Every structure is written in structure tokens, then in C-alpha cells.
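Me: I would like to go through this structure with you and ask how each label is earned. Could you take me from the value to the conclusion each time?

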Amino acid sequence: MARLDLTGADASPAICEDIVPDGEYLAVIVRSHLRWTRTRKGRYIQLVVRIIDGDFEGFQIVDRCYVESRASAGPVDEGRRKLAGLCAATGVARPKDTSEFHGVPVRIIVRNRYDRNGSPRSEIREWKEARG
């Protein structure tokens with residue numbers, strides 16, 4: 001047996017990044033980054049969204065909004081629609097930086113799908129105003 005001299009204040013609890021059931025959740029964006037795709041033929045905004053209410057409070061969902069692609073216009077069109085929905089839901093009409101979305105409560109519609117490796121993944125399908 002290993003002897004430990006720890007208290008609960010020594011570290012913050014782990015945040016679960018897992019699959020949540022399909023549904024609607026109150027959430028906030030806690031982090032965002034502009035990243036290159038694996039092939040470096042495009043870029044996307046990665047959003048880390050934390051559920052802040054209900055049975056899945058504390059769960060995080062990582063979502064992507066594609067903003068540039070030399071390979072295909074489809075993901076960029078979908079990314080622009082997602083960002084337009086996010087702007088409407090947060091009330092940030094003309095963001096200069098993704099950090100303007102951080103901490104603003106929104107309602108998200110989550111749907112699960114399988115990625116190319118066959119693993120389940122939660123995906124944000126729609127953004128709504130928190131009060132609506």
C-alpha cells in the first residue's frame with residue numbers, strides 16, 4: 001500500500017470528456033483555438049464546450065467549425081453555418097476573436113455519430129440562445 005499525504009485542495013477534479021446522450025444542454029465555451037487540419041489543407045476553429053447544468057454538468061464536448069479548405073467547400077459551408085448559429089445564440093454579431101464567445105451561456109443540441117475509426121463522438125448540431 002502506498003502512503004499519500006493529499007488533501008482535496010491539492011488538485012482540481014478531472015473533467016469528463018465523454019459521450020453525452022443526444023439532447024439539449026445548457027453550456028458555455030471554455031476554450032477555442034484556430035488549428036490546421038491533419039493534411040494542412042485547411043483550418044478549423046476547435047471549440048471546447050462545457051455543459052453547465054443537469055445530469056451531465058461538467059462534461060465537455062470538443063467541436064470543430066471549418067473556416068478554410070483547399071480540398072472541399074462543403075465543410076467550410078457547414079462551418080460558416082455553425083458560426084452564424086453561434087453568433088446568433090451568443091448575441092455576438094461581429095466577433096473579432098473567438099474569445100468573445102467564451103463564458104456566454106447557450107443551449108446546444110447534441111447528436112452522436114461515429115467517426116471514421118468507428119468510435120462514438122458527441123457533436124454539436126445546433127446553437128440556441130440560453131433563454132430561448
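Reply: Gladly! Let us begin with F59, which sits in the loop between β2 and β3. Please keep in mind that this is a predicted model.

Me: Is F59 buried or exposed, and how do you know?

Reply: F59 has a relative accessible area of 17%. Buried means under 20%, so F59 counts as buried. Along the chain, F59 and I19 are 40 residues apart, and their C-alpha atoms are separated by 8.5 Å.

Me: G54 is in the loop between β2 and β3 too. What makes G54 partly exposed?

Reply: Its relative accessible area, which is 45%. Partly exposed covers what falls between the buried limit of 20% and the exposed limit of 50%, so G54 belongs there. G54 also has a partner from elsewhere in the sequence: L26 is 28 residues away along the chain, with 8.1 Å from C-alpha to C-alpha.

Me: What is unusual about the phi of R40, and where does R40 lie?

Reply: R40 has a positive phi of about 60°, although R40 is not a glycine. R40 is in the loop that runs between β1 (23-36) and β2 (42-51).

Me: Why is R40 called partly exposed?

Reply: Because its relative accessible area is 47%, while exposed would need over 50% and buried under 20%.

Me: Let us turn to the cysteines. How do you know how many disulfides there are?

Reply: A disulfide is a covalent bond between the sulfur atoms of two cysteines. The rule asks for a pair of cysteine sulfur atoms within 2.5 Å. For C65, the closest cysteine sulfur is in C87, at 9.7 Å, so the two are too far apart for a bond. C87 is likewise in no disulfide, its nearest cysteine sulfur being that of C65. The count comes to zero.

Me: Are these two cysteines buried or exposed?

Reply: C65 has a relative accessibility of 0% and C87 a relative accessible area of 16%. The limit for buried is under 20%, so C65 counts as buried, and so does C87.

Me: Which residues touch the most other members of the largest nonpolar core?

Reply: They are L47, V49, I108 and W127, in a core of 22 residues. Two or more residues of this core come from each of β1, β2, β3 (60-69), α1 (74-90), β4 (106-114) and β5 (120-129).

Me: What does V49 touch, leaving out residues up to four places away in sequence?

Reply: V49 touches A27, V28, I29, F59, Q60, I61, I108, I124 and W127. Our opening residue, F59, is among them.

Me: How are the elements of the chain ordered?

Reply: From the N terminus on, they run β-β-β-α-β-β, with one helix and five strands in the chain. Of the 132 residues, 31% count as buried. Among contacts between residues at least 6 apart in sequence, 50% join residues at least 24 apart.

Me: R31 is in strand β1. What makes R31 partly exposed?

Reply: R31 has 37% relative accessibility. Values between 20% and 50% are called partly exposed, so the label fits R31. Apart from neighbours within four places in sequence, R31 is in contact with Q46, L47, V48, Q60 and H102. R31 and T98 are 67 residues apart in sequence, yet 8.7 Å apart in space, C-alpha to C-alpha.

Me: And E126, in strand β5: why is E126 called partly exposed?

Reply: Because E126 has a relative accessible area of 39%, which lies between those two limits, 20% and 50%. Not counting residues up to four places away in sequence, E126 touches R107, I108 and I109. E126 and L83 are 43 residues apart in sequence and 9.9 Å apart from C-alpha to C-alpha.

Me: Finally, how much space lies in the largest pocket, and which element gives the most to its lining?

Reply: The space is about 690 Å³, and β3 gives the most, with six residues. Each of β2, β3, α1 and β5 supplies at least two residues. The lining has 25 residues, with R64, Y66, R113, R116 and R121 nearest the centre of the pocket.

Me: What kinds of residue make up this lining?

Reply: The lining divides into six nonpolar, seven polar and twelve charged residues.

Note on methods
Residues are numbered from 1 along each chain as its sequence is written. This is a predicted model: local features need pLDDT of at least 70, side-chain atom pairs count only at pLDDT 80 or more; totals for chains, interfaces and linings use all residues. Side-chain values use heavy atoms; hydrogens and water are left out. Helices (H or I, at least four residues) and strands (E, at least two) are DSSP runs, numbered from the N terminus. Buried means under 20% relative accessible area, exposed over 50%, partly exposed in between (1.4 Å probe, protein chains only). A nonpolar core is a set of buried Ala, Val, Leu, Ile, Met, Phe, Trp, Tyr and Cys residues joined through side-chain atoms within 4.5 Å. Contact means heavy atoms within 4.5 Å. On a 1 Å grid over the protein atoms alone, a cavity is a set of points where a 1.4 Å probe fits but cannot get out, and a pocket is an open set with protein on both sides within 12 Å along at least five of seven lines; lining residues have an atom within 4 Å of a point. Grid points are joined across faces, edges and corners, and a volume is the space filled by probe spheres set on the points. Ala, Val, Leu, Ile, Met, Phe, Trp, Tyr, Cys and Pro count as nonpolar, Asp, Glu, Lys and Arg as charged, and the others, Gly among them, as polar.
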